[in-house]
Amino acid sequence: MAGHPVHITMVKKRLASGDACDKCVQAEQLLRGRGLWHRIDEVMWADERDPDSDGMRLSARYGVRLAPFFVVTNGAAEPSIYKSTLRLMRECMPGGSPRPPAPPSDGELAEAAATLANGTPQDALTWVLRRHGRDCALAFSGAEDVVLIDMAVRTGLDFSVLCLDTGRLHPETYAFVERVRKHYGVEIELMSPDASKLQVFVRKKGLFSFLEDGHKECCGIRKVEPLRRALSRYGAWVTGQRRDQSPATRAEVPILQEDDAFEGRGGGKLVKCNPLSAWTADQTWAYIRSHDVPYNALHEQGFRSIGCQPCTRPVHPGQHEREGRWWWEAETQKECGLHSGD
Ligand code: SF4
């Protein structure tokens, strides 16, 4: 849109029950969350019980049946009609949309967590993307994460994607990352370890120290520090964690929580969403097959949980997927530190 809009009218629907429609409420939350609510000059209600209400008359005039919608006048003869809140923000609120949303209060987060606990993964994902948009990063590495990218693309909402490039991944995994990037047309931010820290570590302890004194130090440098650096620019992140991935370490993973292991932008609150927490491996793979979701070619070779090449091996049928990771260590040690707050 050329120039600045002079007047934005939001048309909201009031249902026969007297309540506002859910989508209108969510659109208002989105605008408020991004600090853009003050850009709405006027709200008109399309009241289902009153065909003469202002909003109903605007709906009939512009032939719009959905709510909410926005009427934007900027001096041109005909107003512009926007049915997408995100498009309105992008095109009519220059300088406004990059402002990140304020973090949810403890009460808002607790209420959403209680509501979403019994919902679907899509419900949780939609909530966090509506609330945070691009300020929410989907952490991508394995099969579950591409399910989440697939679901996120289907919401039509904004989001970001990040991926930890430890420098020790299988060639198949790099090919997989590239395939996902092209398949969904998404930008994937690859996070690398800090070069100087890695250099010191490798010079001192070599390339396979994790076989002698455990994986924590290597994972700390190659995974945890780059993730910490990445998350310090976001207000929320989404993981593919499932409770059934590790009875020893992930049995209590909630669908939504405040991350107490990492900080968000400016050292502030970081929301962590685990939409697939209640799903099983079978449900994940059923989704992958039914939606033609790309997956890592290593799965065809017996690999189930895939991490770095030296620390991942295929498992036999009947073996738990976590047995293919850091097999020389105890079950309770098999986390790389990315989810240490759970
Ligand atoms: S999974 Fe293995 S190679 Fe990868 S960062 Fe951890 S210890 Fe290092």
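**Notebook: a helix pair and two domains**

I began with helix α6 and helix α11, and I noted that α6 passes α11 in a left-handed crossing. The model I am reading is a predicted one, and I keep that in mind for every entry below.

I then looked up where these two helices lie along the chain, and found α6 at residues 143-155 and α11 at residues 281-290. Their axes are 10 Å apart, and the helices pack at an angle of about 55 degrees. Because angles of 65 to 115 degrees count as roughly perpendicular and those under 35 as roughly parallel, α6 and α11 are therefore oblique to each other.

Which residues of α6 and α11 meet? On the α6 side I listed A143, E144 and V147, and on the α11 side T284, Y287 and I288. Sorting the residues of this contact by class, I wrote down four nonpolar, one polar and one charged.

Next I turned to the division of the chain, which gives domain 1 at residues 7-92 and domain 2 at residues 106-332. I looked up the separation of the two domain centres, taken over C-alpha atoms, and it is 37 Å. The contact between them draws five residues from domain 1 and four residues from domain 2.

Which helix gives the most to the side of domain 1 that touches domain 2? I found that helix α1, residues 22-33, does so, with four residues. By class, that side of domain 1 has two nonpolar and three polar residues, and I noted no charged residues there.

Key: Residues are numbered from 1 along each chain as its sequence is written. This is a predicted model: local features need pLDDT of at least 70, side-chain atom pairs count only at pLDDT 80 or more; totals for chains, interfaces and linings use all residues. Domain bounds come from an automatic or database domain assignment. Two residues are in contact if their C-beta atoms, placed from the backbone, lie within 7 Å. Ala, Val, Leu, Ile, Met, Phe, Trp, Tyr, Cys and Pro count as nonpolar, Asp, Glu, Lys and Arg as charged, and the others, Gly among them, as polar. Axes are lines fitted to C-alpha atoms, for helices over the stretch in contact, and angles run from 0 to 180 degrees between N-to-C directions. Angles under 35 degrees count as roughly parallel, over 145 as roughly antiparallel, 65 to 115 as roughly perpendicular and the rest as oblique. A crossing is left-handed if the near helix is turned anticlockwise from the far one by less than a right angle, and right-handed if clockwise.
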